[in-house]
Amino acid sequence: MRIGIDARPLISESPSGIGIYLLEILRNLERNENTTYILYTNEPIRNQDPVLTGFEKRVVHGKIGTFTICFGLDKALKADKIDEFWGTEHMLPLFAHGVKKVLTVHDLALLINPKWGSRKNAIMQNIFCRLSCKRADKIIAVSEATKKDVVSLLSIDANKITAILNGGVQRVYNSL
């Protein structure tokens, strides 16, 4: 099995929030010779965490990471023969046919109140998170509150969503 992962949260030398979440999951993945993980970014990963040395990396160039993930990644996933893709921060490749898609939604804060962030980010989340949730095979919500928000604000079937606190995501992803 070949699994692609949105690794944009790891571009920074010192990741925060979602980057730390992703590093911890990568650190605790049950690895075997039958599974290959490929980390996709729109610019090189500067983070030097030793766990990253065990993963293949692909840079799919694009100025805006969201557009790169949503519109520029489908050809790379096909070329790399990816079976599953995990969108770690609200976005999925929108035209990656034949690829199972898992999406993590951390919150929908900018849909609840667009003034909590920049206008650009609020518009992007409203469009691309909505489309990604509709195209996802499975959604991981980091809390019951986020799950309820995805159901009520985006009209997504609750059966498609599993609410798990960040520390338990690994168990669910391994069971997909």
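Q: What counts as a salt bridge here?
A: A side-chain nitrogen of Lys or Arg within 4 Å of a carboxyl oxygen of Asp or Glu. Bear in mind that the model is predicted.

Q: How far apart are the closest N and O atoms of Glu56 and Arg58?
A: They are 3.0 Å apart. Glu56 and Arg58 form a salt bridge because that distance is within 4 Å.

Q: Are those two buried or exposed?
A: Neither. Glu56 is partly exposed, at 32% relative accessible area. Arg58 is also partly exposed, with 27% relative accessibility.

Q: Which residues do shared salt-bridge partners join into one network?
A: Asp6, Arg8 and Glu89.

Q: And how many salt bridges does the structure hold?
A: Seven.

Q: Give me another. What does Glu43 pair with?
A: Arg46. Their closest N and O atoms are 2.9 Å apart. Glu43 has a relative accessible area of 31%, partly exposed. Arg46 is partly exposed too, at 38%.

Q: What about Glu24, which partner does it have?
A: Glu24 bridges to Arg27, with 3.3 Å between the closest N and O atoms.

Q: Where do Glu24 and Arg27 sit in helix α1 relative to each other?
A: About one helical turn apart, because they are three residues apart in α1, which covers residues 17–28. Glu24 is partly exposed, with a relative accessible area of 38%. Arg27 also comes out at 38%, partly exposed.

Q: Switching to pockets. How much space lies in the largest pocket?
A: About 430 Å³.

Q: Which elements give two or more residues to its lining?
A: Three helices do: α2 (65–72), α4 (109–112) and α5 (119–135). The largest share, four residues, comes from α5.

Q: How many residues line the largest pocket, and which lie nearest its centre?
A: It has 20 lining residues. Nearest the centre are Arg8, Thr66, Glu89, Met91 and Asn121. Arg8 and Glu89 also belong to the salt-bridge network with Asp6.

Q: What classes of residue make up that lining?
A: It's a mix. Seven are nonpolar, seven are polar and six are charged.

Q: Now the surface. Which residues make a nonpolar patch?
A: Phe67, Phe71 and Phe95. The patch is about 280 Å².

Q: Where is Phe71 found?
A: In helix α2. That helix also gives two or more residues to the lining of the largest pocket.

Q: Why can Phe71 count towards a patch?
A: Patch residues need over 30% relative accessible area and no salt bridge. Phe71 passes on area because its relative accessible area is 40%, partly exposed.

Note on methods
Residues numbered from 1 in each chain as written. Predicted model: local features only at pLDDT ≥ 70, side-chain atom pairs only at ≥ 80, totals over all residues. Heavy atoms only, no water. 1 Å grid on protein atoms, 1.4 Å probe; cavity = no way out; pocket = protein on both sides within 12 Å on 5 of 7 lines; lining within 4 Å. Points joined across faces, edges and corners; volume = space filled by probe spheres on them. Nonpolar A, V, L, I, M, F, W, Y, C, P; charged D, E, K, R; others polar. Patch = residues over 30% accessible without salt bridge, like charges linked within 9 Å, V, L, I, M, F, W, Y side chains within 5 Å. Areas by Shrake-Rupley, 256 points an atom, 1.4 Å probe, with all protein chains shown as cover. Buried < 20%, exposed > 50% of the residue type's maximum accessible area, 1.4 Å probe, protein only.
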